[in-house]
Amino acid sequence: MSLILLIIFGSLTIWLFISENGAFLFGAILTVSTCIIFLLTIYRTMFVKILIAEKGFYYQTKPSNGKYYNYSVIKEAWISSGKTLNGTSSDFCNFRTFDGEVIKFSFFPVESDGIDYLLKRVQEETIHNYTENIDNNYQEYIIDGKRYGKASIIIALVLLITFSVLNVSLIQYGVPIVFLGSGIVFSLAILIVSIIRYSCLKIQIGNKGFYFQSNPFNGKYYKYSDIKSCKEVLKVYRHRGSGTQSPNKLYYYYFIFTDKNGRTKKFQFEKPIHEHEIQVLTMRIENAKNDY
């Protein structure tokens, strides 16, 4: 599909350029974007591999980091699921080695049989360490903005460059600067938020408490016993895209907690990636309340 789109947009861009139509700039941006997607698709096909065997599995995400794991070195493994930003369901397989290494990778429904086999083999090899009841496991877990964080920054940067290039060409046609500037402000805001999330977001879930930080200035450690209440909230935001009859929906998951001083904090998380970590955090807070 990406190859077909690349041919279409590339041909259209060449035709507009030959016709000396200024819209070729917009076509060029689409062509470059589609070319990037096409190259990423080829890269994923060649280098992203999860090969599941009887005694272990091979995991690779780039040319130089392929590694074979025996099932006996896996301390725990789990599946996390939830809706992505656009509302589609997504599943991740997660595992932690005895050395503390944590690996997460997404998989499609058609691949679920292989993932079920992987989890079954882990359970058989490490029956005394594998846990289905997350309350029994007091490992340290970390939630941060690193996964897909660079991709968000790059997308926001591409949007900013796109709006900037379009503004230069559209100013010649008398388009109001206020209208042009809104796109730049919007993309710049996304870029700033993406950078802050990538650099600052950190929730470190420990044995007796957790460290929370969502910006450069609010990092703080909380004991579980100091948390009065907590909950997971799904918020659905609706907006109308151009030419659409029904509003599009964006799905955001938030974890909200209130400390003993009545101060409420929240952070947004990706449920398909961090469902397990949020369950662990919630259960440890509830257990601390019961013990108290």
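How far apart should the end C-alpha atoms of helix 2 be, given its 24 residues? Hello everyone, let's start there. At 1.5 Å a residue, helix 2, residues 24–47, should span 34 Å, and its end C-alpha atoms are indeed 34 Å apart, so expectation and model agree. Please keep in mind that this is a predicted model.

Let's stay with helix 2 for a moment. Which of its residues are buried? They are G27, I29, T31, T34 and F38.

Now bring in its partner, helix 1. As a reminder, two packed helices are described by the angle between their axes and the distance between the axes. Here the axes of helix 1, residues 2–18, and helix 2 come within 8 Å, crossing at roughly 155 degrees. An angle over 145 degrees counts as roughly antiparallel, and therefore that is the word for helix 1 and helix 2. The crossing of helix 1 past helix 2 is left-handed. On the helix 1 side, the residues making this contact include L3, L6, F9, G10 and F17. On the helix 2 side, among them are F24, A28, L30, C35 and T41. G27, T31, T34 and F38 of helix 2 also take part in the contact, and these four are buried, as we heard.

Next stop, a sheet. Three strands form an open sheet in the order 1-2-3, with antiparallel pairing. Why do strand 1 and strand 3 each have one side without a neighbour in the sheet? Strand 1 (49–52) and strand 3 (67–70) stand at the edges and each has a single partner strand, so one side stays free of a sheet neighbour. On average, neighbouring strands here are turned by 15 degrees against each other, direction ignored. Strand 1 runs antiparallel to strand 2, residues 56–60, and four bridges join them. To find the pairing on your screen, look for K49, which stands opposite Q60 in strand 2.

Further along the chain, we come to a hairpin. Strand 5 (residues 89–97) and strand 6 (residues 102–107) pair in the antiparallel sense, over six bridges. R96 has V102 of strand 6 as its bridge partner. Four residues lie between the two strands, and in that turn G100 has a positive phi of about 95 degrees.

Last, one residue in a loop: D226, between strand 10 (220–223) and strand 11 (227–239). Is D226 buried or partly exposed? With a relative accessible area of 21%, D226 is partly exposed, as buried would need under 20%. Setting aside neighbours within four places in sequence, D226 is in contact with T258, D259 and K260. D226 and D259 are 33 residues apart along the chain, yet 5.7 Å separates their C-alpha atoms. Thanks for listening!

Key: Residues are numbered from 1 along each chain as its sequence is written. This is a predicted model: local features need pLDDT of at least 70, side-chain atom pairs count only at pLDDT 80 or more; totals for chains, interfaces and linings use all residues. Side-chain values use heavy atoms; hydrogens and water are left out. The expected span of a helix is 1.5 Å times one less than its number of residues. Buried means under 20% relative accessible area, exposed over 50%, partly exposed in between (1.4 Å probe, protein chains only). Two strands pair if DSSP finds at least two bridges between them. Axes are lines fitted to C-alpha atoms, for helices over the stretch in contact, and angles run from 0 to 180 degrees between N-to-C directions. Contact means heavy atoms within 4.5 Å. Angles under 35 degrees count as roughly parallel, over 145 as roughly antiparallel, 65 to 115 as roughly perpendicular and the rest as oblique. A crossing is left-handed if the near helix is turned anticlockwise from the far one by less than a right angle, and right-handed if clockwise.
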